[in-house]
Number of protein chains: 2
Amino acid sequence: MTSSTPLADLSADDLAARLTTVRADYDALKERGLKLDLTRGKPGADQLDLSNALLGLPTSYKDRAGTDVRNYGGLDGLPELREIFADLLGVDVSTVVCGGNSSLTMMYQVLTALILKGGPDSPRPWSQEPVVKFVCPVPGYDRHFTMLAELGIEMVTVPMTPDGPDPVAVRALVADDPSVKGMWIVPTYANPTGAVCSAEVAAELMAMPTAAPDFRIFWDNAYAVHHLTDDEIKSADALGLAAASGHPNRPIMFASTSKITFAGAGVAALAASPENRAWYLQRLGFAAIGPDKVNHLRHVEFFGDADGVRAHMRKHRDLIAPKFAAVEDALTGRLAGLGIAEWTVPTGGYFVNLDVLDGTAARVVTLAKEAGIALTPAGSAFPHSNDPNDRNIRLAPTFPVLAEVEAAMAGVAVCVELAALEKLTA
Amino acid sequence: MTSSTPLADLSADDLAARLTTVRADYDALKERGLKLDLTRGKPGADQLDLSNALLGLPTSYKDRAGTDVRNYGGLDGLPELREIFADLLGVDVSTVVCGGNSSLTMMYQVLTALILKGGPDSPRPWSQEPVVKFVCPVPGYDRHFTMLAELGIEMVTVPMTPDGPDPVAVRALVADDPSVKGMWIVPTYANPTGAVCSAEVAAELMAMPTAAPDFRIFWDNAYAVHHLTDDEIKSADALGLAAASGHPNRPIMFASTSKITFAGAGVAALAASPENRAWYLQRLGFAAIGPDKVNHLRHVEFFGDADGVRAHMRKHRDLIAPKFAAVEDALTGRLAGLGIAEWTVPTGGYFVNLDVLDGTAARVVTLAKEAGIALTPAGSAFPHSNDPNDRNIRLAPTFPVLAEVEAAMAGVAVCVELAALEKLTA
């Protein structure tokens with residue numbers, strides 16, 4: 001298909017003819033018997049291979065101070081690993097706690113502790129509030145939303161902009177309603193839009209008045225160093241901005257090496273104000289004796305320092321940037337100018353956000369599935385999987401090999417066009 | 001001191017003379033300037049050395065089924081590691097979930113999930129009950145009690161017997177009071193008494209009527225394979241007994257390799273009924289994408305199978321049994337027959353339970369501290385650290401080297417006698 005006339009401008013006859021052609025393309029696609037998966041932001045095997053030296057580390061079992069990392073203790077993590085995270089996140093090492101293999105788990109710990117106990121500045125545990133609400137930028141990360149739903153927290157949405165959550169919309173929600181207790185932000189290369197929260201937006205969010213005295217921003221910096229271009233942007237200094245505006249306890253930063261070393265066997269970290277950090281460690285101390293410090297030391301030996309991480313991330317980029325280019329090529333090649341889809345060209349992170357013709361996203365996912373291409377369910381990037389426009393699809397191109405990304409995305413483009421034509425001719 | 005006349009039978013003059021002598025012993029002890037620690041059940045460096053091969057493992061990154069353990073997923077853990085735990089715990093592999101480095105964390109996850117969501121058989125989340133109580137066998141493990149206190153759960157005590165928690169006392173507490181929702185048991189070589197829960201007691205506890213339909217027994221089998229003698233006893237089959245008596249969801253088993261491989265970098269597991277297990281995994285799925293499967297595979301490669309674990313535990317025994325013998329020798333050597341102390345001679349586990357003259361435990365700990373010997377604070381083995389008789393002291397001899405255990409325990413014995421004489425002459 002080479003035409004780039006907007007489909008909406010075509011005559012009924014032309015649309016019908018085009019539907020016939022695209023149906024034939026789709027039938028041919030199905031006949032290929034593909035079995036491809038673009039569902040989740042998982043590193044590919046070649047990315048994991050970059051860290052295989054970890055399997056033979058550590059060579060020592062003592063940290064710099066001579067502590068035996070094999071034994072119990074050290075609730076806040078290995079100091080030298082905390083230094084690496086501090087450098088990467090642009091925060092002081094005194095703010096950092098290193099944990100287990102999952103930042104999602106650390107977020108869950110913080111959220112459940114707020115519910116069960118309240119934060120240092122909470123009038124009471126959140127479980128004793130009649131209602132607790134979170135502001136959810138959409139589209140966003142499905143696991144944030146499912147965690148909130150599991151814990152009975154209501155979700156109110158605001159739009160993501162290319163510079164982060166719309167601060168005007170956020171401010172309107174939080175200013176007068178004390179039941180709005182927090183929000184999640186993926187500040188760098190957001191899941192799924194790739195948006196980067198600007199310093200200005202971050203400053204507004206940290207400074208804005210909130211009716212809740214214990215308003216929390218879960219600053220999930222999952223992709224802080226996951227650049228796809230030479231422009232290795234720096235995340236906004238959430239802790240510094242919050243402290244400067246008198247709300248030091250508002251943000252809690254989270255990060256991990258899940259998409260740096262091994263997705264399932266990396267290390268996670270959080271960074272927070274002195275009061276939040278002490279509160280978190282106190283809660284954590286009732287549930288754990290210490291993190292896996294051997295894995296901490298393993299990572300320290302592997303990277304050396306934060307620059308070691310940055311150099312390592314450039315190797316990831318070399319492997320995955322071509323896959324993102326393949327997504328762009330496939331979508332542009334088939335859909336540019338047709339007026340039935342828009343998509344992001346992210347400069348970092350793990351996702352491409354594809355908005356199709358309103359009312360066709362679920363249909364596109366079904367068509368793809370029937371052609372052997374697994375896509376994240378339509379609506380996943382919205383609370384309760386409810387995309388009010390049925391137009392959003394999250395594409396995750398890192399896990400399949402390049403040829404599979406190319407094949408899958410060529411197929412997705414066919415499905416997007418077919419679903420649009422079905423709708424326009426209905 | 002060689003006399004073994006009960007001190008209570010001595011005349012006032014004899015007591016006074018003996019006090020003078022023992023004070024001199026104590027002064028001599030202080031002059032040695034010791035710096036010894038018997039506070040926590042930590043493996044010694046030589047025990048950790050037994051597992052140093054782990055530092056170079058795994059050699060592969062695929063499990064038996066070909067799954068890449070480096071990546072995300074596998075919420076219930078590596079199947080071959082689950083098999084090892086199933087064998088060690090005497091349960092079916094289908095009941096087992098392997099997690100991170102801490103069984104304490106898994107207990108906390110289960111407890112907080114019961115509070116926030118309720119179990120599969122709960123009328124409502126425990127947070128919606130006016131009061132929640134747990135039965136606490138005493139003396140017991142301080143971290144169980146502090147976790148309950150942190151989460152606002154009231155504690156009611158029952159005595160530990162040499163065969164486990166006194167089932168008559170337990171039954172009386174749970175039969176009519178629906179707010180009594182659970183209890184903790186360390187069934188094998190209990191912390192701190194070394195008691196082993198007999199099959200008969202276990203059967204009674206699993207079968208007893210409880211007013212709460214969702215009564216839970218946290219079966220913390222931390223020392224399931226931690227034998228100190230040739231009599232490698234088998235833990236009672238809690239899951240089987242519970243299922244047979246119609247209460248399949250009552251027990252949840254916990255265990256870990258913390259005192260098998262590396263205390264801080266081992267793997268933990270739980271085992272539960274099908275309904276409990278599904279419930280746990282559903283909750284866990286909101287908080288985690290999967291455990292550190294590389295560490296799972298590392299342990300599988302290291303042990304091979306459950307018999308590999310058993311053989312490994314005999315090496316631990318060879319290292320720590322002499323330390324337990326040194327405790328016994330020091331206490332017997334100085335205190336036998338004096339009628340001022342009783343202590344356990346455990347056949348497994350990590351602790352010796354020392355009961356001193358009523359009203360002197362805190363004084364013994366203070367005296368020891370002033371002589372450079374750190375002991376677990378008196379009362380630690382009771383809820384809210386409240387030992388109503390002020391007589392219980394937990395000794396943990398594994399971490400120091402043998403000569404230090406000998407020196408520390410000789411000193412402890414002096415302190416026990418001095419505190420008793422102070423009291424008897426007051």
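1. A good place to begin is chain A, where strand β3 (residues 133-138) and strand β6 (residues 180-185) run parallel and are joined by three bridges. Within this pairing, A:Val135 has A:Met183 of β6(A) as its bridge partner. Please keep in mind as you read on that this is a predicted model.

2. Those strands belong to an open sheet of eight strands in chain A, ordered β2-β9-β8-β7-β6-β3-β4-β5, and its pairing is mixed. At its edges stand β2 (96-98) and β5 (164-165) of chain A, each of which pairs on one side only. Helix α7 (residues 199-207) of chain A lies across β5, β6, β7 (216-220) and β8 (251-256) of that chain. Relative to β7(A), helix α7 of chain A runs at about 150°.

3. Stepping back to the domains, the assignment for chain A gives domain 1 as 7-47 + 311-425 and domain 2 as 62-305. How far apart do the C-alpha centres of domain 1 and domain 2 of chain A lie? The distance is 31 Å. The two domains of chain A do touch: 27 residues of domain 1 are in contact with 30 residues of domain 2.

4. Now over to chain B, and to strand β7 (residues 216-220). Is this strand enclosed or open? Five of its five residues are buried, so β7(B) is largely enclosed by the rest of the structure. From β7(B), B:Arg216, B:Phe218 and B:Asp220 point one way, while B:Ile217 and B:Trp219 point the other way; all of these are buried.

5. Which strands pair with β7(B)? One is strand β6 (residues 180-185) of chain B, which runs parallel to β7(B) and is joined to it by four bridges. Here B:Met183 stands opposite B:Ile217 in β7(B). Another is strand β8 (residues 251-256) of chain B, also paired with β7(B) in the parallel sense over four bridges. In that pairing, B:Phe218 has B:Ile252 of β8(B) as its bridge partner.

6. It helps to follow the chain through the helices around these strands. β6(B), helix α7 (residues 199-207) of chain B and β7(B) make a right-handed β-α-β unit. β7(B) then takes part in a further right-handed β-α-β unit, with helix α8 (residues 238-244) of chain B and β8(B).

7. Elsewhere in chain B you will find an open sheet of three strands, in the order β10-β11-β13 with antiparallel pairing. Why do β10 (341-343) and β13 (392-395) of chain B each have one side without a neighbour in the sheet? Both stand at the edges with a single partner strand, so one side of each is left free of a neighbour there. From one strand to the next, the twist averages 20°.

8. Looking at this sheet in more detail, β10(B) is joined by three bridges to strand β11 (residues 352-356) of chain B, and the two run antiparallel. B:Trp343 stands opposite B:Leu354 in β11(B). Helix α12 (residues 361-370) of chain B packs on the sheet, touching β11 and β13 of chain B. The direction of helix α12 of chain B makes about 40° with that of β13(B).

9. A last word on the cysteines: how many disulfides does the structure hold over all chains? There are zero. B:Cys197 is in no disulfide, and the nearest cysteine sulfur, that of B:Cys136, is 15 Å away. B:Cys197 counts as buried at 5% relative accessibility, and B:Cys98 is buried with a relative accessible area of 1%.

Note on methods: Residues numbered from 1 in each chain as written. Chains lettered and ligands numbered in written order. Predicted model: local features only at pLDDT ≥ 70, side-chain atom pairs only at ≥ 80, totals over all residues. Heavy atoms only, no water. Pairing = 2+ DSSP bridges. Axes fitted to C-alpha atoms, helices over the stretch in contact; angles between N-to-C directions. Contact = heavy atoms within 4.5 Å. Buried < 20%, exposed > 50% of the residue type's maximum accessible area, 1.4 Å probe, protein only. Right-handed = clockwise from strand over helix to strand, strands pointing away. Disulfide = S-S within 2.5 Å. Domains from an automatic or database assignment.
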